[in-house]
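Open the model in your viewer and keep the selection tool at hand. The stops below say what to select and what is there.

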Amino acid sequence: MKEFTLAGLPGALGSTGATHITTWQCEYNLRNKASTTCSYNITVNHRRRILHSTRGGPGRWNDKTMVLFDTFVRGIHDGDHLHDVEFELFERRHGDIVTIKYRGGYVIVDNGYLRWSATVPLYKVTNKITEIRLSKWVESMRKDVECAFGILKGRWRILKTGIRVQGVESVDKVWLTCCALHNWLLEIDGLDAGWQSQILPVPSELEGDLALPPRNYDTSGMGTGDDVNLTDESHPVDLDNDDVFAMKL
């Protein structure tokens, strides 16, 4: 939870999402279809380490149904897990900013999940600049689970092309084995270590290069900030051949 606290999301444990795995000889193969899918709901931390995975469910189940069978997220919602964790949030009460202490935790999800206090989604419809910026920030942190899905299916082709074993339990064993190997490889590659500090020092030789923002970069994050004008003579931009070719396309 340290990474999410440093990122401005205290109380967040990780991100949760669901994926579908193609199966060819599974009990969920109804109506003599050539193939069907099993759906899995997993929770990962910011280092893409898989903290929990459900058993396989029918591919027709949506996120709202899958989370009901997720004992980890359901345990956070019911108070069985993380009940001893406390975190503080700033809230506006009667025009004043006060600090409110909460107990428990939550995971970051998309808008397909149930509206629980343990599942925090993005703002689906809003016209407030602050809520839009918060949604973009939360979305950037929620992509950890999507990256984990891509890594799993990229490393083990059986998850992408389809599992050809008999029975749901056998399919679950293949999936859980791939998840365990994924966590093990994170440790072997040294990618499982947590953040050591909040801000990394900038080398002295790079201070001059970081003085100006990159080209076409909006420092406000909303498209209306102090963008760098590419036609401004105070910030000339040299276009190479690749940039000119891309602009012609």
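## Stop 1: strands S5 and S6

Select glutamate 86, which is partly exposed, with a relative accessibility of 42%. The model is a predicted one. Add lysine 101 to the selection: this residue forms a salt bridge with glutamate 86, and the closest N and O atoms are 3.9 Å apart. Glutamate 86 belongs to strand S5 and lysine 101 to strand S6 (residues 96-103), so the pair ties together parts that are 15 residues apart in sequence. Lysine 101 is exposed, at 53% relative accessible area. Now include arginine 103 as well, since salt bridges that share partners join Glu86, Lys101 and Arg103 into one network. Across the structure, the count of salt bridges comes to eight.

## Stop 2: aromatic rings

The structure holds four aromatic pairs. Two of them are visited here.

Select tryptophan 61 and phenylalanine 69. Their rings are stacked, 4.8 Å centre to centre with 15 degrees between the planes. Tryptophan 61 is partly exposed at 26% relative accessible area, while phenylalanine 69 counts as exposed at 51%.

Next, select phenylalanine 87 and tyrosine 106. The ring centres of phenylalanine 87 and tyrosine 106 are 6.0 Å apart and the planes stand at 65 degrees, so this pair is edge-to-face. The pair links distant parts of the chain: phenylalanine 87 is in strand S5 (residues 86-93) and tyrosine 106 is in strand S7 (residues 106-108), 19 residues apart. Are these two residues buried or exposed? Phenylalanine 87 is buried, at 11% relative accessibility, and tyrosine 106 is buried too, at 10%. Add tyrosine 102 to see a cluster: ring pairs link Phe87, Tyr102 and Tyr106.

## Stop 3: helix H3

Select residues 71-78, which make up helix H3. Which residues of this helix are buried? They are Phe72, Val73, Gly75 and Ile76. Look down the axis of H3: the buried residues fall within an arc of 155 degrees, so they line one face of the helix. In general, an α-helix has 3.6 residues a turn, so residues three or four places apart point the same way.

Then look at the two ends. At the start of H3, select aspartate 70, where a side-chain oxygen comes to within 3.1 Å of the backbone nitrogen of phenylalanine 72. Just after H3, select glycine 79, which has a positive phi of about 90 degrees.

## Stop 4: the hairpin of S2 and S3

Select strands S2 (36-44) and S3 (50-53) together with the loop between them. The two strands run antiparallel and are joined by three bridges. Valine 44 stands opposite isoleucine 50 in S3. How many residues lie between the strands of this hairpin? There are five, and arginine 48 in the hairpin takes a positive phi near 65 degrees.

Stay in this loop and select arginine 49, which counts as partly exposed at 23% relative accessibility. Arginine 49 forms a salt bridge with glutamate 187, with 3.1 Å between the closest N and O atoms. Arginine 49 is in the loop between S2 and S3 and glutamate 187 is in helix H6, so the pair ties together parts that are 138 residues apart in sequence. Glutamate 187 is partly exposed, at 44% relative accessibility. Follow this bridge to the next stop.

## Stop 5: helix H6 and what follows

Select residues 168-188, which form helix H6. The helix has 21 residues and reaches 30 Å from its first C-alpha to its last, close to the 30 Å expected at 1.5 Å a residue. Several of its residues are buried, including Val168, Val171, Trp175, Cys178, Cys179, His182 and Leu186. Asp172 and Asn183 are also among the buried residues of H6.

Move past the end of the helix and select aspartate 189 with arginine 155. These two form a salt bridge whose closest N and O atoms are 3.5 Å apart. The pair links distant parts of the chain: aspartate 189 is in the loop between H6 and helix H7 (241-248), and arginine 155 is in helix H4 (residues 129-155), 34 residues apart. Both are partly exposed, aspartate 189 at 44% relative accessibility and arginine 155 at 35%. Finish at glycine 190, just after H6, which takes a positive phi of about 75 degrees.

How values were computed. Residues are numbered from 1 along each chain as its sequence is written. This is a predicted model: local features need pLDDT of at least 70, side-chain atom pairs count only at pLDDT 80 or more; totals for chains, interfaces and linings use all residues. Side-chain values use heavy atoms; hydrogens and water are left out. Helices (H or I, at least four residues) and strands (E, at least two) are DSSP runs, numbered from the N terminus. The expected span of a helix is 1.5 Å times one less than its number of residues. Buried means under 20% relative accessible area, exposed over 50%, partly exposed in between (1.4 Å probe, protein chains only). The arc is that of the directions from the helix axis to the C-beta atoms. A polar contact is a pair of N or O atoms within 3.5 Å; within protein, one must be able to donate a hydrogen and the other to accept it, and residues adjacent in sequence count only if both atoms are side-chain atoms. Rings of Phe, Tyr and Trp (its six-membered ring) pair if their centres lie within 6.5 Å; planes under 30 degrees apart count as stacked, over 60 as edge-to-face and the rest as tilted. A salt bridge is a side-chain nitrogen of Lys or Arg within 4 Å of a carboxyl oxygen of Asp or Glu. Two strands pair if DSSP finds at least two bridges between them.
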